[in-house]
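Okay, thanks for coming, everyone. Let me put the structure up, and then I'll walk you through a few spots in it.

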Amino acid sequence: MIRPKTVWKCAYSSQTRPYSFEMAHTKRIPIFGTMPPCSTPIRLEEWRSRIRAARLERSRKPEKQEDFVCYEDSDEEEESASAQQQILRTSFNFTDYVRERELGSTAPKWVNMEYGTRHILTHEMFKEYSVSLGNMNKVFCSQWLSDRQVVFGTKCNKLMVYDVTTQKLDQIPSLQGRRDTSAGQQDQCGIHSVQINPSKTLLATGARNSSEVAIYRLPTLDPVCVGECLWASVSNEWASMWVSVSSEWASMSSVCVWASVSSEWTSVSSEWASMSSEWASMASVCGQAAHRDWVFDMCWLDDQFLVSGSRDTRMALWRIQEDELMDGSDVPTYKHIQAVSVKECKSAQKVRAVAFNKAYQEIAALSLNGYIHVWDAETFKQKLSRKLPSCQENVCLAVQDEGVYAIGCRSYTLLLDARTLQAIKKISPRYSGCGIRSASFQGNLLTIGTGVGILLFYDLRAGKYLDSSINSSRTVVLKASRGWVFPDEDYIEGFQHIKYTPAIYTHCYDTSGTRLFTAGGPLPANLYGNYAGLWQ
């Protein structure tokens with residue numbers, strides 16, 4: 001029997017997505033005829049085989065029983081007619097997706113953003129291209145500025161931009177606060193965080209003084225402002241006043257006539273009282289200032305509000321109103337701003353990482369004493385703190401779009417349910433003593449950077465590490481090159497009997513998910529060196 005020619009159109013439907021094995025989905029409904037051209041019986045057979053394989057994988061008993069197990073409704077339900085119709089009426093052709101997007105169609109179409117990443121990883125197509133950083137020391141943070149530029153910060157307090165096309169490096173001048181006129185090396189511990197706001201118009205990072213925040217305008221990287229603390233400037237002003245009072249008292253002590261000294265002392269006392277009141281007012285201002293110690297991490301809540309966490313256990317909320325900070329000058333200038341609110345993070349010792357959970361409108365903060373702290377993003381109030389199973393080297397925190405937290409510690413990566421902060425799973429790194437130094441989500445794919453130069457990829461959907469399509473008996477692993485270290489690796493391996501590998505302190509994907517920038521350096525604090533690589 002010959003089917004009649006089918007005329008079709010795309011229409012909106014609120015039904016759930018059939019499955020996410022394909023790169024693109026476009027829902028199509030025929031205007032005339034029974035089914036759209038993409039409807040073929042073989043697609044149902046492929047769908048059934050994939051469902052059976054997924055069920056078989058979930059039915060296998062793991063070597064160690066999990067603490068938290070999730071069951072899907074599809075495990076017990078038979079195939080419904082509506083599900084079959086949805087499969088047959090959905091086009092997985094990427095050309096259909098592009099055509100409907102060009103036509104401005106309101107059809108329920110979507111593209112799987114992690115498809116490219118998974119395909120490249122499972123087919124082992126990533127190749128590392130080393131990036132020479134000279135004698136810089138340890139890259140702590142990085143972000144893609146565009147499809148050809150990566151910005152990163154180093155321990156030696158350099159903010160650099162790397163052009164992946166020309167392979168050129170440019171240094172961005174650090175911004176200096178008013179307290180920074182006599183800042184020494186003790187105030188510079190490096191740039192630990194680089195964050196871009198949702199509209200990609202502002203970049204937040206560390207200033208010249210590591211306890212201050214610097215804001216740059218994108219894409220030009222012109223300076224906008226410095227979020228500073230007045231404690232040092234207040235202390236300097238107080239010191240200068242004390243010197244002037246002491247010198248006056250010394251000059252009066254040399255006078256022989258006690259009556260004149262007494263009268264002079266009366267005037268000095270009144271001056272002292274005025275200075276004390278001035279000191280009190282300055283102290284009250286400083287009480288609302290931000291950080292007195294190094295800023296370890298920060299996150300944007302929206303295009304204006306930024307939260308920073310510091311080693312002094314404080315959380316600061318900043319508001320950057322770009323229109324008010326612009327002065328219309330042809331020469332780039334920047335202003336100094338104060339925090340909108342500064343609060344102590346209760347039960348915390350040194351806030352190490354912060355992240356914004358958009359799904360639940362919460363700010364999560366990780367402290368080095370093994371606690372995770374949850375703040376209300378709308379009121380900037382701390383809601384709760386929870387002790388983690390491990391309190392050793394909790395240094396990185398990532399949040400998935402659906403709200404799952406990933407915390408990297410010395411022994412494993414911990415997955416937490418954002419609703420209850422209960423542990424979902426402990427992901428062993430498969431390499432003893434490597435330590436987790438960086439983590440990020442790419443959809444349902446968790447990327448883990450270790451302290452031994454190895455990148456691991458965990459599939460949250462399958463509940464295991466990503467398998468290779470080339471060799472099914474092994475998982476996908478990326479091994480970083482050595483980079484540069486001083487003293488050199490021969491000295492380290494010869495005298496300390498340790499094979500040198502760099503720690504991956506930071507990694508980031510570009511918007512397409514098909515390129516990966518990784519960077520870091522030596523894990524021991526007494527070693528000087530760097531590592532950076534571009535995988536594509």
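Before anything else, a word on naming: helices (H or I, at least four residues) and strands (E, at least two) are DSSP runs, numbered from the N terminus. Also, this is a predicted model, where local features need pLDDT of at least 70, side-chain atom pairs count only at pLDDT 80 or more, and totals for chains, interfaces and linings use all residues. Residues are numbered from 1 along each chain as its sequence is written, and side-chain values use heavy atoms, with hydrogens and water left out.

Let's begin at helix 4. Right after helix 4 comes E124, which has a positive phi near 50°. The helix itself, residues 115-122, is mostly covered, with 6 of its 8 residues buried. By buried I mean under 20% relative accessible area, with exposed being over 50% and partly exposed in between (1.4 Å probe, protein chains only). Among the buried ones are R118, I120 and L121. So what covers them? The cover includes strand 28 (436-442), strand 30 (454-459) and strand 34 (503-509), where contact means heavy atoms within 4.5 Å.

Strand 34 comes back when we get to the aromatics. There are 6 aromatic pairs in the structure. The rule is that rings of Phe, Tyr and Trp (its six-membered ring) pair if their centres lie within 6.5 Å; planes under 30 degrees apart count as stacked, over 60 as edge-to-face and the rest as tilted. F140 with Y505 is an edge-to-face one, at 5.4 Å centre to centre and 85° between the planes. F140 sits in strand 7 (residues 139-144) and Y505 in strand 34, so this pair ties together parts 365 residues apart in sequence. Both F140 and Y505 are buried. Then there's Y458 with Y465: ring centres 5.5 Å apart, planes at 90°, so that's edge-to-face too. Y458 and Y465 are both buried as well.

Next, strand 17, residues 314-319, where 5 of the 6 residues are buried. Strand 17 pairs antiparallel with strand 16 (residues 305-310) over 5 bridges; two strands pair if DSSP finds at least two bridges between them. G309 has M315 as its bridge partner. The hairpin of those two strands has 3 residues between them, and T313 there takes a positive phi near 70°. Strand 17 also runs antiparallel to strand 19 (residues 341-344), joined by 4 bridges, with A316 opposite V342.

Now the charges. How many salt bridges does the structure hold? It's 13, counting a side-chain nitrogen of Lys or Arg within 4 Å of a carboxyl oxygen of Asp or Glu. R99 and D96 meet at 2.5 Å, N to O. They're 3 residues apart in helix 3 (residues 94-102), about one helical turn. R99 is partly exposed at 33% relative accessibility, while D96 is buried at 8%.

Coming back to that hairpin: D293 forms a salt bridge with R311, closest N and O atoms 3.1 Å apart. D293 is in the loop between helix 6 (258-287) and strand 15 (295-300), R311 is in the loop between strand 16 and strand 17, and they are 18 residues apart. D293 counts as buried at 19%, and R311 as partly exposed at 25%. And back at helix 4, salt bridges that share partners join E114, R118 and D459 into one network.

That's my tour, thanks.
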